[in-house]
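Q: I'd like a close look at one part of this model, followed by how that part sits in the rest of the chain. Could you walk me through it in one go?

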Amino acid sequence: MGHLLSKEARSLSRDRRHPRGKVPPPRSRSCFLRGPCMLCFIVHGASPPAPEQPLPAGDPLLPPPPYVSLTAAEQRVARRLLRLAPAAWEPPGRCQRLFLSGLLPSPVRGLLGPPGEVSSEMVCKRKGAGLPACPPCKQPRCTAAEPEPGACQCPAEPQLLALPGTAGESGGGAAGQSGGGQVASPPPPTAQDEKEQGREEEKERGGEAGCEEPLEYPGDGCRDLPPPATPDINQLPPSILLKIFSNLSLNERCLSVSLVCKYWRDLCLDFQFWKQLDLSSRQQVTDELLEKIASRSQNITEINISDCRNVSDTGVCILAIKCPGLLRYTAYRCKQLSDTSIIAVASQCPLLQKVHVGNQDRLTDEGLKQLGSKCRELKDIHFGQCYKISDEGMIIIAKGCLKLQRIYMQENKLLRNLSSLDLRHITELDNETVMEIVKRCKNLNSLNLCLNCIINDRCVEVIAREGRNLKELYLVSCKITDYALIAIGRYSMTIETVDVGWCKEITDRGATQIAQRSKSLRYLGLMRCDKVNEATVEQLVQQYPHITFSTVLQDCKRTLERAYQMGWTPNMSSGS
């Protein structure tokens, strides 16, 4: 179609090829199709327009006068149109569309005949046929370009711009027909008009570099876009929904979310939601329900059946057999359970780390023996108000569970014979716990509280008051001052060994007061107590020979004395 509507009616094949290395000449924009039509994108060829030459007289393709009075450009247009096949002039043909769209100059339209002879019902053969009857919009070729003033503004009626070179032809043609059939020639363009037209052509050529391709269907710009689809939460990936559901409780997932739809029910049955189960205070939980849960999800790592009165030892045994990866087992106030359940959990779940079975009256040392011998990874135990547990069971726990970090033993009356307790470097330890232990364990004779920065002077005072049988107290790197040493010397009649090394607030006053007041003290560790002068320690060594003072210098002296006693003599030779 481009070569039929171009300036020269010839095939654009070899003429459009350019030798390699040569820049093609700029495209011409002198096409007569100046209206807002997509044909303008395909009409222009790459070859420059040929110079205008008048048609030879007596051209057989042109009718006789008065049509000889047409200009040279209009004669070429008429000649190209007259050379088209007859099918182009049929009602759906190309020339009829050009005629009706007003894109042809007035003299050429007069040559083709009055507009009334053409049928108004025409169908476009190009893409986009069947759209509403409005001239296609001139789509901007660049996303940043503004729409042209004469472009189609749907749904209003189309407003076509007058074609350049035909602005005065309509009125002139009418005047010519009324005045005797003479067609008035258009006024010659001025120099200013030529400059403005040149600027427009340069802008069009410059904008082609970054422009987008025209729309395949020109009428798409006039259509209303369909409304956006309503967002649906089920369009999210399953992993996102599972993450959302993981923030809900078991009640919310089972009683609310799973009832929304089948898809959500299947998501709520995902195995990750059945790894940690909190079934506490649910009277509908029975042995049968525990068996079904354990059969469906055998990767349970944590379960809480506190206050479940309808669960027996049988249900706990089935749960332990089917879930060997159980890590945390909690069963507070399940008074119906006995040693059978804890023995099954200990034997079937060797990776157990946490056991909280407080307030179980039927639990004895037999269950603790199995925990101590089978569960080497145990770190946290809670046997509060288990009145049948004695020292024997706790000794087995202490010997077998070397990773144990936390013990809770509230109101255990059979543990009063505890004699030695090592609580060093426990981050969760507080002063109140230590004071309660010392008050209840009357037979305690050794207490190690090293590396617990929370221990203060008040706690040490209570230990000195309540520890009637306490003989050894280790307070290395604790947060104490001279007041703690003064309290030990004032209130304790049994403590023989006190180690306060690396306690930076201990001074000469504290060391002197405890040495003077304590009648039972036999050892005082002052290693790296930087505020204690070595001269003060030398005086204390001389005044209280029954007390061993431990500092860097004093330890070195004792070591040399022992070496001399064993027969060692320094080598004074030059080689040494």
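Leaving aside its neighbours within four places in sequence, which residues is Phe383 in contact with?

A: Bear in mind that this is a predicted model. Once the neighbours within four places in sequence are set aside, Phe383 touches Val357, Leu363, Leu368, Leu371, Ile389, Met394, Tyr408, Met409 and Asn412.

Now for the setting. Phe383 belongs to the largest nonpolar core, a set of 49 residues, and is listed with Ile303, Ile305, Tyr329 and Leu371 as having the most contacts inside it. Leu371 therefore turns up twice: it is on that list, and it is also one of the contacts of Phe383. Several helices feed this core with at least two residues each: H7 (238-245), H9 (262-268), H10 (287-296), H11 (313-322), H12 (339-348), H13 (365-374) and H14 (391-400). There is another core apart from this one, made of 42 residues, with Val438, Cys478, Cys503 and Cys529 among them.Two of those helices, H12 and H13, are worth a closer look. Their axes are 8 Å apart and they pack at an angle of about 5°, so the pair counts as roughly parallel. On the H12 side, the contact is made by Asp339, Ile342, Ile343, Ala346 and Ser347. H13 brings Glu366, Gly367, Gln370, Leu371 and Lys374, and Leu371 is the residue we just met as a contact of Phe383. Sorted by class, this helix contact comes to four nonpolar, three polar and three charged residues.

H9 gives us another spot to zoom in on, with Tyr263 as one of its residues. Tyr263 has 32% relative accessibility, so it counts as partly exposed. With neighbours within four places in sequence left aside, the contacts of Tyr263 are Asn234, Pro238 and Leu241. Pro238 sits 25 residues away along the chain, and its C-alpha atom is 9.8 Å from that of Tyr263.

On to the strands. One open sheet has six of them, in the order S1-S2-S3-S4-S5-S6, and the pairing is parallel. Its edges are S1 (276-278) and S6 (406-408), each of which pairs on one side only. On average, and ignoring direction, neighbouring strands here are turned by 5° against each other. S1 runs parallel to S2 (residues 302-304), and three bridges join the two. Within that pairing, Gln276 faces Glu302 of S2.

There is also an open sheet with the order S7-S8-S9-S10-S11-S12, again six strands with parallel pairing. S7 (420-422) and S12 (548-550) are the edge strands here, each with a single partner, so one side of each has no neighbour in the sheet. Neighbouring strands of this sheet are turned by 5° on average, direction ignored. S7 pairs with S8 (residues 446-448) in the parallel sense over three bridges, and Asp422 is opposite Asn448 in S8.

Zooming out, the protein chain holds 20 helices and 12 strands. It has 576 residues, and 37% of them count as buried. As for contacts between residues at least 6 apart in sequence, 70% link residues at least 24 apart.

Key. Residues are numbered from 1 along each chain as its sequence is written. This is a predicted model: local features need pLDDT of at least 70, side-chain atom pairs count only at pLDDT 80 or more; totals for chains, interfaces and linings use all residues. Side-chain values use heavy atoms; hydrogens and water are left out. Two strands pair if DSSP finds at least two bridges between them. Helices (H or I, at least four residues) and strands (E, at least two) are DSSP runs, numbered from the N terminus. Axes are lines fitted to C-alpha atoms, for helices over the stretch in contact, and angles run from 0 to 180 degrees between N-to-C directions. A nonpolar core is a set of buried Ala, Val, Leu, Ile, Met, Phe, Trp, Tyr and Cys residues joined through side-chain atoms within 4.5 Å. Buried means under 20% relative accessible area, exposed over 50%, partly exposed in between (1.4 Å probe, protein chains only). Contact means heavy atoms within 4.5 Å. Angles under 35 degrees count as roughly parallel, over 145 as roughly antiparallel, 65 to 115 as roughly perpendicular and the rest as oblique. Ala, Val, Leu, Ile, Met, Phe, Trp, Tyr, Cys and Pro count as nonpolar, Asp, Glu, Lys and Arg as charged, and the others, Gly among them, as polar.
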